[in-house]
Amino acid sequence: MNWFARRGHAVRESYNELVHKVTWPSRAELTNSAIVVMIASVILAIFIFIVDYIFEWVMSGIYGQLV
């Protein structure tokens, strides 16, 4: 089998697997997952903001004592 035939076979197998073997989520499942990811992202951003603010406050206090 030459290089092009092997690539063609791989593409056909990939297409067959995506069409017949993969279970795709429904629109409702996809929407719910997207909402969970957005909420988790907002919570993580808020947490990082709070930690950054506390770190800035602590470092300002330390540098204020040194100067």
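# A tour from K21 outwards

Begin by selecting K21, which counts as exposed because its relative accessibility is 63%, where exposed means over 50% relative accessible area, buried means under 20% and partly exposed lies in between, with a 1.4 Å probe and protein chains only. What you have open is a predicted model, in which local features need pLDDT of at least 70 and side-chain atom pairs count only at pLDDT 80 or more, while totals for chains, interfaces and linings use all residues. Residues are numbered from 1 along each chain as its sequence is written, and side-chain values use heavy atoms, with hydrogens and water left out.

K21 lies in helix α1; helices here are DSSP runs of H or I with at least four residues, strands are runs of E with at least two, and both are numbered from the N terminus. Keep K21 selected and add M38, which is 17 residues away in sequence and 29 Å away in space, C-alpha to C-alpha.

Next, go to N2, in the segment before α1, the helix of residues 3-21. N2 counts as partly exposed because its relative accessibility is 49%. If you show its side chain, you can follow it to the backbone nitrogen of A5, which it reaches at 2.8 Å; a polar contact is a pair of N or O atoms within 3.5 Å, and within protein one must be able to donate a hydrogen and the other to accept it, while residues adjacent in sequence count only if both atoms are side-chain atoms.

Now select W3 and F4. The structure holds 1 aromatic pair, and W3 and F4 form it edge-to-face, at 5.1 Å centre to centre with 85° between the planes. Rings of Phe, Tyr and Trp (its six-membered ring) pair if their centres lie within 6.5 Å, and planes under 30 degrees apart count as stacked, over 60 as edge-to-face and the rest as tilted. W3 is partly exposed at 46% relative accessible area, whereas F4 counts as exposed at 65% relative accessibility.

Move on to G64, which is found in helix α2, residues 27-66, and counts as partly exposed at 49% relative accessibility. Adding S41 to the selection shows two residues that are 23 apart in sequence and 34 Å apart in space, C-alpha to C-alpha.

Finally, zoom out to the whole protein chain, which has 2 helices and 0 strands. Its radius of gyration, taken over C-alpha atoms, is 26 Å, well over the 11 Å that the globule rule (2.2 Å times the number of residues to the power 0.38) gives for 67 residues, so the chain is more spread out than a compact globule. Along its principal axes the C-alpha trace spans about 75 × 35 × 10 Å, and buried residues make up 0% of the 67 residues.
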